[in-house]
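User: I am a first-year student, and I would like a close look at a single part of this structure. Could you choose one strand, explain how it is placed, and then set it within the rest of the protein?

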Amino acid sequence: MTKPLSVAVAGLGTVGAGVLTLLRDNAATITARAGRPIAVTAVSARDRTRDRGVSIAGLRWYDDPVALAHDPNVDVVVEAIGGSEGQGADLVRAALKAGKPVVTANKALLAVHGAELAALAESKGVALAYEAAVAGGIPAIKALREGLAANDISRVLGILNGTCNYILTQMRERGIEFAQALSEAQKLGYAEADPAFDVDGIDAAHKLAILAALAFGRPVDFDAVHVEGIRAISALDIKLAEELGYRIKLLGIARRTDAGIETRMHPCMVPVAHPIARVDGVFNAVVAEGDFVGRIVLEGRGAGAGPTASAICADLIDVARGRTTPVWGVASPDLSHAPNVPMSKRVGAYYLRLMVVDRPGVIADVTAALRDHHISLESMLQRGRAPGEVVPVVVTTHDCEEAQMRAAIARIEALEAVLETPAMIRIEAL
Ligand SMILES: NC(=O)C1=CN([C@@H]2O[C@H](COP(=O)(O)OP(=O)(O)OC[C@H]3O[C@@H](n4cnc5c(N)ncnc54)[C@H](O)[C@@H]3O)[C@@H](O)[C@H]2O)C=CC1
Ligand SMILES: N[C@@H](CC=O)C(=O)O
Ligand code: NA
């Protein structure tokens, strides 16, 4: 039998402990697929004594995770600490500099520093693998980078944050409040250390930036992603969306247009009948459209110990087999530099929900604002009549440009009879 692959794991939380468990439980399968055993020999975390449901007895312990990079008996480093800065990032750089392959679940690091790290990995001729970083257990990276490698990709989109999808699903199905659903997602190990990264769309935007780089063969550019989260989504909008035949999902969309590449992460209304509307709970989905393959849809668990460990261990098997690909599918010097398309240029339909005083003339003022910005109405809905009281009014539009819609909303919000900032949700043609 060939010498085992000696693995160091940094971070023994949901993901790191999951990796130890999977390598232990599926050792025979993994050995056969890797051509040799894969054995964790060294670990680093904050608390040496915490019960993680898996033994770390007999493993070399390091208080300083960066020291793992310099352990001569370590062949490959798994980074499961997280963060675009700090010791997880320091460890990845140190390991690559030391010529050791790295497997990481850290999308924040890849999205923010991925260009620099790819260049470093390529200069050292070692792998930097990150299947776990996007859509957890779904093999989205492999699908885009290897499976669809011969296609020109026109669009990649998806539900990329399990925590948000869990929250939106629970709010819809059980009618529970945002805070309760978030707390459940945290207990289940789905949420980031700082859950604001989840609910403000940042985590999903990190993943979208990574997918866009792979799909369009260009340097990863997190700053180009337009990011909105789900905090403003109310139970009322979820209910009204259902009445109109839509579900609300936090979608990431990266699209090639004549003007360049559009990358945006925001809540969307999608038709109930579309498969992506049925992706619920912690499940993620990734949809890619290639010129020869057409559309492919991948669905699976996007967070949690098992799915994430599944992706990390697949990367470890690649390392054990010596299978390598450039980090972004294309060698760093050969990446293209297509321009970014700003959000103001997004074209599509919109849902607006206004809280208005129910009195004559209000609707006329709202429609005048839309008319003056060349926005055509698709439908208008007012539930019940309550003269002099506040009622929700919902407007859906035909396609228009985001800049026009923003200008119209500013005018509508300034109307005396409109009492709250209008809720605006983009309706996505998929
Ligand atoms: N939880 C999930 O479902 C998924 C998480 N990820 C990513 O995996 C990474 C880890 O996430 P989780 O396991 O959920 O986090 P966690 O908070 O459960 O675990 C983090 C671990 O890192 C350790 N740690 C923190 N700072 C350290 C330091 N300076 N030195 C040594 N150890 C340190 C902590 O003690 C803990 O063991 C993050 O990059 C996250 O974005 C990716 C996909 C799914
Ligand atoms: N917090 C993330 C974990 C996986 O990346 C999520 O909820 O999807
Ligand atoms: Na994945």
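Analyst: A residue is called buried here if 20 or more other C-beta atoms lie within 10 Å of its own. By that count, 49% of the 430 residues of the protein are buried, and it should be kept in mind that the model is a predicted one.

The part to look at closely is strand β1, which covers residues 5-10. Five of the six residues of β1 are buried, so the strand is largely enclosed by the rest of the structure. Part of what surrounds β1 can be named by following its pairing. With strand β2, residues 38-44, β1 pairs in the parallel sense over six bridges, and with strand β4, residues 76-79, β1 also runs parallel, joined by four bridges. A good residue to follow is V9, whose bridge partner in β2 is V43 and which stands opposite V78 in β4. In general, strands of a sheet are paired through backbone hydrogen bonds, in either a parallel or an antiparallel arrangement.

These pairings belong to an open sheet of six strands, in the order β3-β2-β1-β4-β5-β6, where the pairing is parallel. At the edges are β3 (60-62) and β6 (128-129), each of which pairs on one side only, whereas β1 has β2 and β4 beside it in the order of the sheet.

From the strand we can turn to ligand 1, which has 27 residues around it, and of these G11, G13, R46, G82 and A303 come nearest. Helix α1, residues 14-25, gives the largest share of this shell, namely three residues. Sorted by class, the shell holds 12 nonpolar, 12 polar and three charged residues. Because both domain 1 (5-133) and domain 2 (140-301) give residues to the shell, ligand 1 lies between them.

Stepping back to the whole protein, its secondary structure comes to 13 helices and 17 strands. The radius of gyration is 24 Å, close to the 22 Å that the globule rule gives for 430 residues, so the protein is as compact as a globular protein of that length. Along its principal axes, the C-alpha trace spans about 80 × 45 × 35 Å. Finally, if we take the contacts between residues at least 6 apart in sequence, 75% of them join residues at least 24 apart.

Terms used:
Residues are numbered from 1 along each chain as its sequence is written. Chains are lettered from A and ligands numbered from 1 in the order in which they are written. This is a predicted model: local features need pLDDT of at least 70, side-chain atom pairs count only at pLDDT 80 or more; totals for chains, interfaces and linings use all residues. A residue is buried if 20 or more other C-beta atoms lie within 10 Å of its own, exposed if 12 or fewer, and partly exposed in between; C-beta atoms are placed from the backbone. Helices (H or I, at least four residues) and strands (E, at least two) are DSSP runs, numbered from the N terminus. Two strands pair if DSSP finds at least two bridges between them. A residue is near a molecule or strand if its C-beta atom, placed from the backbone, lies within 6 Å of it. Ala, Val, Leu, Ile, Met, Phe, Trp, Tyr, Cys and Pro count as nonpolar, Asp, Glu, Lys and Arg as charged, and the others, Gly among them, as polar. Domain bounds come from an automatic or database domain assignment. The radius of gyration is taken over C-alpha atoms; the globule rule is 2.2 Å times the number of residues to the power 0.38. Two residues are in contact if their C-beta atoms, placed from the backbone, lie within 7 Å.
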